[in-house]
Amino acid sequence: MPLGLPVHITIEPTNLCNLRCPVCETGSGILNRPKGRMTFDNFKIVIDKIKDHANSIFFYFMGEPFLNKDSYRMIKYAKCKGLYITSCTNGNCTDTVQLLDSGIDEIIFQIGGVTQRTHETYRVGSNLQVILENVRMLVQQKKILNKTYPKIILGLIIMKQNELEIEKFHELARSLGVDEARLQRACVRTWEQARQFLPNDEKYWDYDKEAFVKGELKLKKNSGNRCNWIYISTAILNNGDVVPCCRDVYGYFVMGNILKDDLGAIWNGKKYRNFRKRVASDKNGISICKLCSSFEIPGLYENRKAE
């Protein structure tokens with residue numbers, strides 16, 4: 001049983017999205033959770049309960065975070081409590097002025113290609129030029145105000161449709177002046193999705209090629225019954241439900257509700273303890289763990305108070 005409390009928290013501002021990405025449960029319309037947004041008052045309750053032990057927050061989950069009208073002041077409130085905040089966006093509805101003013105530490109703009117044609121293969125309903133203009137404006141505003149933050153990352157989800165654009169992606173990132181160009185491996189849920197989206201270059205796969213040829217989807221690297229995340233991290237859905245991690249997109253393993261219960265009681269409660277025991281003895285038998293490759297210890301961040 002962990003003696004402390006989680007230092008890394010995923011918070012879901014909303015499970016609504018303006019795009020229809022086919023692999024995403026929200027985008028494909030199969031999430032099967034009530035649609036909603038976390039209120040600012042509830043967000044404050046969450047932050048006040050985690051601020052004394054948490055180090056960092058992923059401010060996104062199963063939706064576009066900036067569809068929550070309170071997202072910028074949520075970030076600002078969390079920053080005032082000394083938390084490191086990372087968010088990931090499809091970039092189509094971000095307000096760059098408010099984003100910069102929020103004090104966010106790191107923002108990832110994810111695209112699906114360097115042309116509209118390849119981009120919208122996955123980012124269905126998205127306008128690439130709008131995203132790139134938002135990135136360009138954020139970079140310029142950051143320079144004008146002589147700020148060292150946020151770290152601005154341009155991410156490319158590597159798929160069969162765009163793998164020949166990787167060099168052009170790096171050129172695009174340099175032209176925009178972002179702090180980092182990040183290649184992200186496609187995360188698929190089924191063999192059919194793997195056949196449709198996984199690139200031809202297997203170095204960008206997390207999945208076993210021999211199993212794939214046989215019509216199965218299995219991880220290339222198996223950690224056995226080890227998972228570091230469940231001892232240092234947790235995820236909070238927009239209604240306050242606490243689930244073990246970001247793989248529990250449907251909310252199958254609700255451990256409690258932070259708006260109603262003490263997080264310490266949830267974190268060290270019977271449900272959580274039994275779940276950790278299951279992971280330690282039969283991780284592959286747990287539905288949300290079968291295709292998870294994110295079991296290494298995540299990095300910690302240097303806290304920076306909002307200015």
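Which residues does Ala211 touch, not counting residues up to four places away in sequence? In this predicted model, Ala211 touches Glu216 and Lys218 once such sequence neighbours are set aside. Ala211 lies in helix H8, which spans residues 209-213. The relative accessible area of Ala211 is 5%; Ala211 is therefore buried, the limit for that class being under 20%. The C-alpha atom of Ala211 is separated by 9.8 Å from that of Trp191, and the two residues are 20 positions apart along the chain.

The loop that leads from H7 to H8 contains Trp205. With a relative accessibility of 4%, Trp205 also belongs to the buried class. Beyond the neighbours within four places in sequence, the contacts of Trp205 comprise Arg185, Leu198, Pro199, Phe212 and Lys220. Among these partners, Phe212 falls within the residue range of helix H8 (209-213). A separation of 9.4 Å is found between the C-alpha atoms of Trp205 and Ile158, residues that stand 47 places apart along the chain. Ile158 is part of strand E5 (151-158).

Helix H7 covers residues 191-197 and includes Gln196. In contrast to the buried Trp205, Gln196 is partly exposed, its relative accessible area being 46%. When residues up to four places away in sequence are not counted, Gln196 touches Lys160 and Gln161. The C-alpha atoms of Gln196 and Cys246 are separated by 24 Å, with their positions 50 residues apart along the chain.

Two residues in the range of H7 (191-197), namely Gln193 and Phe197, are contacted by Pro22. The remaining contacts of Pro22, leaving aside neighbours within four places in sequence, are Ser28, Thr121, Tyr122 and Val124. Of these, Thr121 and Tyr122 fall within helix H4 (116-122). Pro22 itself is placed in the loop between E1 and H1 and counts as partly exposed at 29% relative accessibility. Its C-alpha atom is separated by 8.2 Å from that of Arg123, although 101 residues separate Pro22 and Arg123 along the chain.

The loop between strand E1 (8-11) and H1 also holds Asn32. The phi angle of Asn32 is near 60 degrees, a positive value in a residue other than glycine. Asn32 has a relative accessible area of 70% and is exposed. A second asparagine with positive phi is Asn146, for which the angle is about 55 degrees. Asn146 is situated in the loop between H5 and E5 and is likewise exposed, with a relative accessible area of 69%. The loop between H5 and E5 also contains Pro150. The peptide bond from Tyr149 to Pro150 adopts the cis form, with omega near 0 degrees.

Helix H5, which precedes this loop, consists of 17 residues, numbered 128-144. From the first C-alpha to the last, H5 reaches 24 Å, close to the 24 Å expected at 1.5 Å a residue. The buried positions of H5 are Leu128, Ile131, Leu132, Asn134, Val135, Leu138, Val139, Gln141 and Lys142. These buried residues pack against several elements: helices H3 (96-102), H4 (116-122) and H6 (166-176), together with strands E4 (106-111) and E5 (151-158).

A helix pair is formed by H1 and H2. Two packed helices are described by the angle between their axes and the distance between the axes. The axes of H1 (residues 40-50) and H2 (residues 71-80) come within 10 Å and cross at roughly 20 degrees. Because this angle is under 35 degrees, H1 is classed as roughly parallel to H2. The crossing of the two helices is right-handed. On the H1 side, the contact involves Phe40, Phe43, Lys44, Ile47 and Asp48, which meet Arg73, Met74, Tyr77 and Ala78 in H2. Classified by residue type, the contact of H1 with H2 comprises 6 nonpolar and 3 charged residues, and no polar ones.

Key
Residues numbered from 1 in each chain as written. Predicted model: local features only at pLDDT ≥ 70, side-chain atom pairs only at ≥ 80, totals over all residues. Heavy atoms only, no water. Axes fitted to C-alpha atoms, helices over the stretch in contact; angles between N-to-C directions. Helix = DSSP H or I, 4+ residues; strand = E, 2+ residues; numbered from the N terminus. Parallel < 35°, antiparallel > 145°, perpendicular 65-115°, else oblique. Left-handed = near helix turned anticlockwise from the far one by under 90°. Contact = heavy atoms within 4.5 Å. Nonpolar A, V, L, I, M, F, W, Y, C, P; charged D, E, K, R; others polar. Expected span 1.5 Å × (residues − 1). Buried < 20%, exposed > 50% of the residue type's maximum accessible area, 1.4 Å probe, protein only.
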